[in-house]
Amino acid sequence: MNAYIHLTLAQLRLFARNRQVLFWTLLFPIFFMVMLGSFLGKGNPVSVTGAIVDEDRTAASEALIKALQDNPILRLNAASDVNPELETLKRGDYQLVLVIPKGYEELTKPGGTGVAAAIKVYYDETNAATSQIGLQVLAPAIDGIDKKLSGYTPKITIRPEGVQSLKLSYIDFLVPGIVAMMIMSNNLNGVAGQIASWRERGILRRMQSTTLKASTFIASQITARLLLNGLQAVIVLVVGSLFFGTQVNGSWLLLLGFIVLGTLAFMSIGFIIAGLAKTPESAGPIAGFVSFPMLFLGGVFFPIKNMPEFLQPVVKLLPISHLTTALRQVMNVGAGLSVVWTEAALLGGWLLVAFIVASFTFRWE
């Protein structure tokens, strides 16, 4: 235990003396966030997305769904239950949710009761511009179908109902991604480069002559970097709040817990790279080969759900995808541990496996 504490304090002192590295590892993510947030942070979605729930499940309702889905402006996903779709609408991922009522086919039959079938449309009233576009597109589409069914006698009406949702912009999506990017880059690349440099300079060889265990050395390095990178992540979140008004809707304690878990996981992976790299010059490219694809596949800048289907199984295995998802769920939606426990479990699995592998691949010389 004494060796672990002394090594942790020694690493913290090394960080404090290297102010230039500290400055740039913190400045770059903040600069990146401010630049992207300034240009793209207030952008609104172009298309009108949503879901259509078929409670009638007849040939007539299926024909209506097909006609609406053929509209190039509307992007409506077929769903079976309205409640999950309304939750998605409240999170701001949808602009509209349509519900075809039970009995739709009977009401729209020629010579029916004369009562119009009311298509209920839930819309995001906090994103009025896009929601109104969706309603304006729906009106003529429904009117055209109505005329085919009944001439000029109304058989279908639209009954809008507003649902208040979280008003999120691109900067709300970006800030958690920047935090995840900083955690990955600082810990994965930083650990690999530093340990490989110490090995080449003979520092690790001198430590090997003592009774120090590899697991103790790795644990002390993780603790020191955890304290530093946790502080850096909090600074990025504070800057995002001051400059762009981003906020943490969920628990700060849960958010910090995921920052800690992500830091530990990526540091352990960094130790594996440090064990495989023969020289400091090779450690950088290996770390870049691992981290660079994750920037684009892990949901840092673009939503994971927008990526090609064949990449989805790969994306769902990456630790950064679970970290970005968890950070966004806690910050933007206010999700609790009961919602993001799967991300916590998968990150914990990465941490456990990577730490065990790092303990075996670690080399003093």
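**Close-up 1. Salt bridge between Glu 87 and Lys 90 in a predicted model.** The side chains of Glu 87 and Lys 90 form a salt bridge, with an N to O distance of 4.0 Å. Both residues belong to helix H4, which covers residues 82–90. Their spacing of 3 residues is about one turn of the helix. Glu 87 has a relative accessible area of 42% and is therefore partly exposed. Lys 90, at 37%, is also classed as partly exposed.

**Close-up 2. Salt bridge between Arg 91 and Asp 93.** The side chains of these two residues, Arg 91 and Asp 93, meet at 3.6 Å, N to O. Arg 91 is partly exposed because its relative accessible area is 27%, between the 20% limit for buried and the 50% limit for exposed. Asp 93 is partly exposed as well, at 34% relative accessibility.

**Close-up 3. Salt bridge between Lys 66 and Asp 70.** The closest N and O atoms of Lys 66 and Asp 70 are 3.2 Å apart. Lys 66 has a relative accessible area of 53%, so it counts as exposed, the cut-off being over 50%. Asp 70 is likewise exposed, with a relative accessible area of 53%. In the whole structure, the search finds 3 salt bridges.

**Close-up 4. Surroundings of His 322 in helix H13.** Helix H13 spans residues 319–333 and contains His 322. The relative accessibility of His 322 is 8%, under the 20% cut-off, so this residue is buried. Leaving aside residues up to four places away in sequence, His 322 touches Lys 316, Leu 317, Glu 343, Leu 346 and Leu 347. A polar atom of the His 322 side chain lies 2.7 Å from the backbone oxygen of Lys 316. Leu 346 is separated from His 322 by 24 residues in sequence, and the C-alpha to C-alpha distance between them is 7.4 Å.

**Close-up 5. Nonpolar surface patch that includes Ile 356.** The patch consists of Leu 352, Val 353, Ile 356, Val 357 and Phe 360. Together these residues have about 510 Å² of accessible area. Ile 356 is located in helix H14, residues 337–361. With 42% relative accessibility, Ile 356 is partly exposed. That value is over the 30% which patch membership requires, so Ile 356 meets the accessibility condition.

Note on methods. Residues are numbered from 1 along each chain as its sequence is written. This is a predicted model: local features need pLDDT of at least 70, side-chain atom pairs count only at pLDDT 80 or more; totals for chains, interfaces and linings use all residues. Side-chain values use heavy atoms; hydrogens and water are left out. Patches are made of residues with over 30% relative accessible area and no salt bridge: like charges are joined within 9 Å, nonpolar side chains (Val, Leu, Ile, Met, Phe, Trp, Tyr) within 5 Å. Accessible areas come from the Shrake-Rupley method with a 1.4 Å probe; for residues, only the protein chains shown count as cover. Helices (H or I, at least four residues) and strands (E, at least two) are DSSP runs, numbered from the N terminus. Buried means under 20% relative accessible area, exposed over 50%, partly exposed in between (1.4 Å probe, protein chains only). Contact means heavy atoms within 4.5 Å. A polar contact is a pair of N or O atoms within 3.5 Å; within protein, one must be able to donate a hydrogen and the other to accept it, and residues adjacent in sequence count only if both atoms are side-chain atoms.
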